[in-house]
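Here are a few exercises to work through with the model open. Try each one yourself before reading the solution.

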Amino acid sequence: MILAIPDFIIGGAPKCGTTSLHQVLDQHPDVWMAKNELYFFDVDDPIAHGDFLGMEGDDLVARSPDDPALKDWYQNRFSDAPDGCLTGEDSTTYLMSDVAAFRIKAMNPDAKVIFMLRDPVRRAFSQYWHLLRSGRTCVSFEKALSSEPSIVLGSTYAPSLRQFHAALGKDRVHVVLFEEFKADQQAAMDGVTTFLGLSPMLVAKVETWHNRTKYPTRTSTLLRLNRVGKILVRYRYARHFDGFGGAMSAIGHKAYRRWYHFVEKRVLTQDRPPSDMRPKTCDYLRQHLSDRNAGLSDLLGKSLGDYWPGFSQ
């Protein structure tokens, strides 16, 4: 079977504005974007997608991108794309994956990949709130740094970028800084359309959308509710792949939606987090995430300390 793979992929990082980039690009007349995030090339990653793994008795059940049924599922995500346009997909976990880059190359060595990067400390804190809001954790940020490895891994950009450069070539990898995108969206999009070989688009004339995050008045309230939410949330992701869930998955997913609707309406009512990051935690992450991203400024050809306070690499 010949697998249809998109011409370009928005590959991460999470909580860096990729939804807005997807939304803007999807309105270009020569672009067609697959709906939602697909997670095909790292579907078996236990850190990024632990919820995709299951058990049958004592046996592990995991999906594989080599599975013909999953390949058909992926192929169908692009079945409505009109002829002649560039096709794209958006899966924000590919950057943190050690397998996605070379799997993408194996499917289509001409694919182009776009990454959006953000101050790694602020990105990590934002991801924690995303996990908390969706019921996936019930511990403090400090404890989540060790219990939820994707928080730190999602802010570790440099090693993964080198891997994508090695797999696809540096000229097929484009990086947008969230801070630059926020300050001048038109200039950032001009860089993206040039990279993709598209005609320019006037951003002021298209609809833009940003994740409008809501927060609880008290963190402790949500932490208690998440003791239930953490059990139910697995069903949300079990049904990510159409036709791969069972009856129990459908029931569990419905229960999760009811739980989340309650939390969203009754608890997530504030526009800002109820507290800032603790200073000691911030100092630790500034140093640690700088070291984990050693050489990133040279890799991107710009001094990232000018954008990210305290970043030294």
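**Exercise 1.** Classify C138 as buried, partly exposed or exposed from its relative accessibility.

*Solution.* Keep in mind that this is a predicted model. Start with the number: C138 has a relative accessibility of 29%. Now the cut-offs: buried means under 20% and exposed means over 50%, with partly exposed in between. So C138 counts as partly exposed. Try C85 next: its relative accessible area is 14%, so C85 is buried. As for sulfur pairs, searching the whole structure turns up zero disulfides.

**Exercise 2.** Describe the surroundings of V139.

*Solution.* First, place it: V139 sits in the loop between α4 (120–133) and α5 (141–147). Second, check its accessibility: at 24%, V139 counts as partly exposed. Third, list the contacts, skipping neighbours within four places in sequence: V139 meets Y128, A144, S147 and L223. Finally, take a look at L223: it's 84 residues away from V139 along the chain, yet their C-alpha atoms are separated by 6.6 Å.

**Exercise 3.** Check the length of helix α9, then work out how its buried residues are arranged.

*Solution.* Step one: α9 covers residues 185–196, which is 12 residues. Step two: at 1.5 Å a residue, α9 should span 16 Å, and its end C-alpha atoms are 16 Å apart, so the two agree. Step three: pick out the buried residues of α9, which are Q185, A188, M189, V192, T193, F195 and L196. These cover an arc of only 160° around the axis, so they lie on the same side of α9. Step four: see what covers them; the list includes β1 (8–10), α1 (18–25), β5 (86–90), β6 (112–117), β7 (173–177) and α8 (178–183). Just past the helix comes G197, with a positive phi near 75°.

**Exercise 4.** Find which residues touch the most other members of the largest nonpolar core.

*Solution.* This core has 62 residues, and the ones to pick are L25, F41, I114, F164, M189 and L296. Zoom in on F41: leaving out residues up to four places away in sequence, F41 touches I5, I9, Y74, E89, Y94, V99, A100, R103, I104 and M107. Another core, of 27 residues, lies apart from the largest one, and its members include L145, L222, V233 and L268.

**Exercise 5.** Decide whether S297 is buried or exposed, and list its contacts.

*Solution.* S297 belongs to helix α13 (residues 296–300). Its relative accessible area is 13%, so S297 is buried. Beyond its neighbours within four places in sequence, S297 is in contact with K302, S303, L304, F311 and Q313.

Conventions
Residues are numbered from 1 along each chain as its sequence is written. This is a predicted model: local features need pLDDT of at least 70, side-chain atom pairs count only at pLDDT 80 or more; totals for chains, interfaces and linings use all residues. Side-chain values use heavy atoms; hydrogens and water are left out. A nonpolar core is a set of buried Ala, Val, Leu, Ile, Met, Phe, Trp, Tyr and Cys residues joined through side-chain atoms within 4.5 Å. Buried means under 20% relative accessible area, exposed over 50%, partly exposed in between (1.4 Å probe, protein chains only). Contact means heavy atoms within 4.5 Å. Helices (H or I, at least four residues) and strands (E, at least two) are DSSP runs, numbered from the N terminus. The expected span of a helix is 1.5 Å times one less than its number of residues. The arc is that of the directions from the helix axis to the C-beta atoms. A disulfide is a pair of cysteine sulfur atoms within 2.5 Å.
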